[in-house]
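Reader: Hello! I'd like a close look at one part of this model, the salt bridges, please. Take me through the partners and their surroundings, and then into the neighbouring parts of the chain.

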Amino acid sequence: MSLRPAEAGGLTPARLTPAALAAAVAVMTVATVLGVMLGAVTIRPDRVVVELLDHLPGISLDSGLSLSREAIVWDIRFPRVVLGLMVGGMLATSGAAYQGVFRNPLADPYLLGIAAGAGFGATVAIVAGAGDGSGLLVAVPLAAFLGAAVAVGLTLVVGGALSGRGTAATLLLAGVAVAAFFTALQTYVQSREVERLRDVYSWILGRLSGSSWDEVALLLPYAAVSMLVLLGSRGALDVLAVGEEEARTLGIDPVRVRWRVVLAASLATAAAVAVSGLIAFVGIIVPHLVRLVVGPSNRLVLPLSFLVGGAFLVIADLIARTIQSPAELPIGVVTAFFGAPFFLLVLRTRDAGVGV
């Protein structure tokens, strides 16, 4: 049974209700339809829905769209929306998991040096001529993923998690040190390749432009594995929230839970970053919004964060590609526009500190 700290200091069951799940699915569905129908060419929402249903197995419908508009829906916009749903969901769920395992409301998916490691890997690939940062040539996301994985590995080694000695505080401090190291390396590479700075910054600020079904297929196995592990750990995170000693008395090993959750959340974040660049604040904004509605239980927060996080990123991407049409803003600029004031609001309204 999953537990939630009660206001009176006890423990109460927390369950994902059909109403909460239906509301989150509805939000995600509306965001999906808007993301597909709006753009340089606006397509009626009913025709969008019929066109998408027509691609389901065993269903044959006529949306009335021309071949060119069918291609816009299925080959251009829908894969971009699906990738946004996956990336946003993975970042939001990872953020919620980090906040739960570290008991820190300001923890985010880039906490353990992932952003710095991915940025360094992508920068090396771009300056080496493997890609310009605006597309999804294989070398750039691969280098970003490897950089993020190496950074997380170093953080776990330095923080002692793999040897069983790690605590939340040591992992956080190790993540700060590793992030500073990779940031220094990235800055050094950029200073020697000034002519490629624009390409590097294009990747760093995040983008979903140029998305195709290939990127969706690339990300899908990482999303499936990491989300299964995180969602399967949400009950243990609820128990861990009442304290490590209490968790041990209930038969839960805090170190093992932390190790499993950190690895799964880091895998999800590294994979998402590899295909989308660095998109900030999703992992802070969405979990907090979900907690405001359903309460603090990770049994509720993690699955709902995945659905709402996907919807949030699709809407942010819609704003990024339409507000200055035909030009596109980097999606990281849009999420930062909403995230920075929200971050300050979290700092202001926390009445019990933010320590781990």
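Author: Happy to help: here is some background, then the salt bridges, and then a walk through other parts of the chain.

This is a predicted model, in which local features need pLDDT of at least 70, side-chain atom pairs count only at pLDDT 80 or more, and totals for chains, interfaces and linings use all residues. Residues are numbered from 1 along each chain as its sequence is written, and side-chain values use heavy atoms, with hydrogens and water left out.

The chain contains 14 helices and two strands (DSSP runs numbered from the N terminus, H or I of at least four residues for helices and E of at least two for strands). Of its 356 residues, 50% are buried; that word stands for under 20% relative accessible area, exposed for over 50%, and partly exposed for what lies in between, with a 1.4 Å probe and protein chains only. The accessible surface of the chain is about 15800 Å², and carbon and sulfur atoms supply 67% of it (Shrake-Rupley method, 1.4 Å probe; for residues, only the protein chains shown count as cover).

Now to your salt bridges. The structure has five of them, each a side-chain nitrogen of Lys or Arg within 4 Å of a carboxyl oxygen of Asp or Glu. In one, the side chains of Arg44 and Asp46 come together with an N to O distance of 2.7 Å. Arg44 counts as partly exposed because its relative accessibility is 47%, and Asp46 is partly exposed too, at 38%.

Arg80 is a good residue to centre on your screen. Its side chain forms a salt bridge with Asp317 at 2.8 Å, N to O. This pair ties together distant parts of the chain: Arg80 sits in helix α3 (residues 67-102) and Asp317 in helix α13 (residues 298-322), 237 residues apart. Asp317 has a relative accessible area of 5%, so it counts as buried. Arg80 is buried as well, at 11% relative accessibility.

Arg80 also meets the side chain of Glu328 in a salt bridge, at 2.9 Å from N to O. Here, too, distant parts of the chain are linked, as Glu328 lies in the loop between α13 and α14 (331-349), 248 residues from Arg80 in helix α3. Glu328 is partly exposed, with a relative accessible area of 39%. Through shared partners, salt bridges join Arg80, Asp317, Arg321 and Glu328 into one network.

Staying with the loop between α13 and α14, you will find Pro326 there. The peptide bond joining Ser325 and Pro326 is cis, with omega at about 10 degrees.

Two more loops have backbone angles to look at. Arg103, in the loop between α3 and α4, has a positive phi of about 50 degrees although it is not a glycine. Arg103 is partly exposed, at 37% relative accessibility. Phe281 belongs to the loop between α11 and α12 (282-294), and this non-glycine residue has a positive phi of about 75 degrees. With a relative accessible area of 24%, Phe281 counts as partly exposed.

Next, some packing in the interior. Leu219, in helix α8 (residues 213-232), is buried, with a relative accessible area of 1%. Leaving aside residues up to four places away in sequence, Leu219 touches Leu83, Met86, Val87, Met90, Ala271, Ala272 and Val275 (contact means heavy atoms within 4.5 Å). Val87 is 132 residues from Leu219 along the chain, yet their C-alpha atoms are separated by 8.6 Å.

Helix α11 (residues 254-276) holds Thr269, which is buried at 0% relative accessibility. With residues up to four places away in sequence again left out, its contacts are Leu91, Ser94, Tyr98, Pro109, Tyr110 and Ile114. Across the chain, 74% of the contacts with a separation of 6 or more are between residues 24 or more positions apart.
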